[in-house]
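Morning, everyone. I have two topics today: a helix pair and some aromatic rings. Let's put the model up.

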Amino acid sequence: MGTSVAVLTSLPGLASAQEVAVVTNPYGIQALWAEGDMIAKSTLLILVAMSMASWYMIVTKLLAQSRASKQTQAVQDNFWSGGSIRASADLLDPQSPYRFIAEKGLEGASKHDGLLGAIDFNTWVTMSIQRAMANVQSRMQDGLALLATVGSTAPFVGLFGTVWGIYHALVKIGMSGQASIDKVAGPVGEALIMTAIGLAVAVPAVLGYNWLVRRNKLTMEVVQAFGNDLHAVLLATANKA
């Protein structure tokens with residue numbers, strides 16, 4: 001009986017989980033980091049840093065655009081129903097671009113005296129509001145250049161890693177004198193991984209850039225409409241005065 005148990009336990013199909021060897025992928029990212037040289041590791045770190053920066057920018061810009069949408073709704077609901085532009089502007093969020101434009105318009109209208117009086121009131125108020133809207137547009141576009149840069153350069157950084165991996169494969173072939181699979185699988189796998197990572201970094205950056213630019217364009221259309229309405233109200237108020 002004891003002999004039978006020993007024979008059964010020695011069969012491969014009945015081996016315990018602790019005795020089963022764990023097979024790891026010798027050509028994965030972990031192997032790439034463990035066996036790669038400083039150039040390969042530096043390339044990988046650059047791609048990771050680019051990916052983190054692009055995702056951070058996408059998330060922060062989306063949050064900023066969400067706040068701008070709420071501020072737009074607040075302007076459309078309450079701003080024009082107030083007794084005056086000054087009173088309506090004071091009710092807006094201090095960080096609202098619409099409050100910034102309204103205050104700049106009021107400031108321009110109130111300073112139309114002295115040397116500035118030589119300029120037509122309509123022209124001076126128009127310039128004040130346009131400068132404010134240009135400032136708002138510039139702030140909305142902050143960070144988008146980073147996404148454009150990552151989207152355009154990440155594939156080439158990955159391509160550099162690809163070329164470096166192929167170079168290692170050729171070196172191993174030359175040193176061994178034979179192009180066997182076990183000699184070139186590691187470096188070629190490293191090259192393919194670098195290519196895939198470069199594309200994985202670039203694609204979200206490009207898509208995020210195009211999406212954010214589109215949303216900014218829609219927001220700026222509302223901002224420009226607000227600026228035009230504000231300009232008309234300031235002129236009408238000045239004429240009544």
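Start with helix 5 and helix 6, which are roughly antiparallel to each other. One caveat: this is a predicted model. Why do we call the two helices roughly antiparallel? Helix 5 covers residues 97-110, helix 6 covers residues 121-140, and they pack at an angle of about 155°. Angles over 145 degrees count as roughly antiparallel, so the label follows. The axes of the two helices are 9 Å apart. The crossing of helix 5 past helix 6 is right-handed.

Who makes the contact? On helix 5, the residues include Pro97, Phe100, Ile101 and Lys104. On helix 6, they include Phe121, Trp124, Val125 and Arg139. By type, the contact has 11 nonpolar, 4 polar and 2 charged residues.

Now the rings. How many aromatic pairs does the structure hold? There are 4. Take Phe79 and Trp80. Their ring centres are 4.7 Å apart, with 85° between the planes, and the pair is edge-to-face. Phe79 is buried, at 3% relative accessibility. Trp80 is partly exposed, at 38%.

Trp80 also pairs with Phe226. Here the centres are 5.6 Å apart and the planes sit at 45°, so this pair is tilted. Look at where the partners come from. Trp80 lies in the loop between helix 3 and helix 4, while Phe226 is in helix 8. They are 146 residues apart, so to speak, distant parts of the chain linked by one pair. Phe226 is buried, with a relative accessible area of 3%.

Last point: ring pairs join Phe79, Trp80, Tyr98 and Phe226 into a cluster.

How values were computed:
Residues are numbered from 1 along each chain as its sequence is written. This is a predicted model: local features need pLDDT of at least 70, side-chain atom pairs count only at pLDDT 80 or more; totals for chains, interfaces and linings use all residues. Side-chain values use heavy atoms; hydrogens and water are left out. Axes are lines fitted to C-alpha atoms, for helices over the stretch in contact, and angles run from 0 to 180 degrees between N-to-C directions. Helices (H or I, at least four residues) and strands (E, at least two) are DSSP runs, numbered from the N terminus. Angles under 35 degrees count as roughly parallel, over 145 as roughly antiparallel, 65 to 115 as roughly perpendicular and the rest as oblique. A crossing is left-handed if the near helix is turned anticlockwise from the far one by less than a right angle, and right-handed if clockwise. Contact means heavy atoms within 4.5 Å. Ala, Val, Leu, Ile, Met, Phe, Trp, Tyr, Cys and Pro count as nonpolar, Asp, Glu, Lys and Arg as charged, and the others, Gly among them, as polar. Rings of Phe, Tyr and Trp (its six-membered ring) pair if their centres lie within 6.5 Å; planes under 30 degrees apart count as stacked, over 60 as edge-to-face and the rest as tilted. Buried means under 20% relative accessible area, exposed over 50%, partly exposed in between (1.4 Å probe, protein chains only).
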